[in-house]
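Visitor: I would like to go through this structure step by step. Could you show it to me, please?

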Amino acid sequence: PAFLEQRDAYGTPVGPVVALPVAASGGQRAFTLSGTDVNGGRLSRSNDGKYVVALGYSQVPGTATPYSVLPSASAPRVVLRVSSTGVVDTSTGISLASASGNARTAVSNNGTGMWAAGSVGGITYVPFGTTGGVQISTTPALLYSLQAFGGQLYGSSYGVTGFASVFKVGTGFPTTATQTCTTLTGLPTASGPNPYEFVMFDRSSSVPGLDTLYLADARAATTGGVIQKWTFNGTTWTRATFTVGLPVGVRGLTGWVYQGKVQLIATSTDTLTKVFWVEDDGTTAPPYSMLLQASANTAYRGVSVVPR
């Protein structure tokens, strides 16, 4: 079973824990996650900021290896959409055979369109409230995170030739097949990095559009991982000198701007996952603190700013 917790920037609970449905009811499906796939359960906020989105399985808790159940009309991968008023919807399903494997990530433009991906099959588009889908890209086939910023669909991948970081998916929010994914200029394309969730901001008045990228990397800090910061000068992205002293790598990442500084929330790669707060205060070694740690047989997966 999967749950949503809403907390403030200090880790204090805000409202009750939301238990996601574990059985079908009416037009709503079960939404569960794999207990062993640490790469699943990624969260994203829609481009318009009004929804939080994730990808899961329409299998009841206790189903062995849910990722081995091939997507179909009766057992699709399920896209979760949660509104700013807390309405949970699991009516959207992906039944394409190409979307088999591990369910990992989904994102939306404004709640009406859904884009999803996992360990195989590239990226699938499906309209909200329907079951089916269109495979819009096949390379890379394996993805870890989909995110939406500034009217553009982005993804992250690992270990796929030419895709070892963050890339654009077509233009805007494409809905048709044979879309091209393009790694952001300056970011690595060769194997080595292990990127997961990421967040982007417009921080420079001299560079139009998004110019600052924070990227979760599951590697340890000693090998270039944890949280990376990249900046864009209008032509190419460059990695900034930004070393967060976390003891482990991270997979989940979200952030916002508060009093002129970017604050980040990250989930760790530990077996008992931790949740960290980090502030980019302009130094090369920004401050951080641990907010939470998961108890036995539970894990924190994705994180997202709440919808508004």
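Guide: Certainly; a term is needed before the sheets are discussed: two strands pair if DSSP finds at least two bridges between them. Please keep in mind that this is a predicted model.

Visitor: In what order do the four strands with numbers 7, 8, 9 and 11 form their open sheet?

Guide: The order is 7-8-9-11, and the pairing in this open sheet is antiparallel. Strand 7 (103-108) and strand 11 (134-137) each have a single partner strand, so these two stand at the edges and one side of each lacks a neighbour in the sheet.

Visitor: How far are neighbouring strands of this sheet turned against each other?

Guide: On average they are turned by 30°, with direction ignored.

Visitor: And over how many bridges do strand 9 and strand 11 pair?

Guide: Strand 9, residues 123-127, pairs with strand 11 over three bridges, in the antiparallel sense. Within this pairing, Ile-123 has Ser-137 of strand 11 as its bridge partner.

Visitor: Let us move on. Which strands stand at the edges of the sheet 20-21-22-23?

Guide: That is an open sheet of four strands with antiparallel pairing. Its edges are strand 20 and strand 23 (288-293); each has a single partner strand, so one side of each is left without a neighbour in the sheet. From one strand to the next, the twist averages 20°.

Visitor: What is the bridge partner of Phe-276 in strand 23?

Guide: It is Met-290. The two strands concerned, strand 22 (residues 274-280) and strand 23, pair over five bridges in the antiparallel sense.

Visitor: New topic: strand 18. Why is it described as largely enclosed by the rest of the structure?

Guide: Strand 18 has seven residues and six of them are buried, so the strand is largely enclosed by the rest of the structure. Here, buried means under 20% relative accessible area.

Visitor: How many bridges join strand 17 to strand 18?

Guide: Six bridges join them, and the two strands run antiparallel. For example, Leu-213 has Trp-230 in strand 18 as its bridge partner.

Visitor: What do strand 18 and strand 19 form?

Guide: They form a hairpin with four residues between them, and Gly-234 in the turn has a positive phi of about 100°. Three bridges join strand 18 to strand 19 (residues 237-239), and these strands run antiparallel. One bridge partner in strand 19 is Thr-238, which is matched with Thr-231.

Visitor: Where is the place of Ala-221?

Guide: Ala-221 is in the loop between strand 17 (212-217) and strand 18 (226-232). Its relative accessible area is 36%, so Ala-221 is partly exposed.

Visitor: Which residues is Ala-221 in contact with, leaving aside its neighbours within four places in sequence?

Guide: They are Val-226, Val-244 and Leu-246. In addition, the C-alpha atoms of Ala-221 and Pro-247 are 7.5 Å apart in space, although these residues are 26 residues apart in sequence.

Visitor: Lastly, what volume does the second largest pocket have?

Guide: Its volume is about 300 Å³. The pocket is lined by 21 residues, and those nearest its centre are Arg-45, Ala-148, Phe-149, Val-199 and Gly-255.

Visitor: Which elements give two or more residues to that lining?

Guide: They are strand 3 (44-45), strand 12 (145-149), strand 16 (195-201) and strand 20 (250-258). By class, the lining of this pocket has eleven nonpolar, nine polar and one charged residues.

Methods: Residues numbered from 1 in each chain as written. Predicted model: local features only at pLDDT ≥ 70, side-chain atom pairs only at ≥ 80, totals over all residues. Heavy atoms only, no water. Axes fitted to C-alpha atoms, helices over the stretch in contact; angles between N-to-C directions. Buried < 20%, exposed > 50% of the residue type's maximum accessible area, 1.4 Å probe, protein only. Contact = heavy atoms within 4.5 Å. 1 Å grid on protein atoms, 1.4 Å probe; cavity = no way out; pocket = protein on both sides within 12 Å on 5 of 7 lines; lining within 4 Å. Points joined across faces, edges and corners; volume = space filled by probe spheres on them. Nonpolar A, V, L, I, M, F, W, Y, C, P; charged D, E, K, R; others polar.
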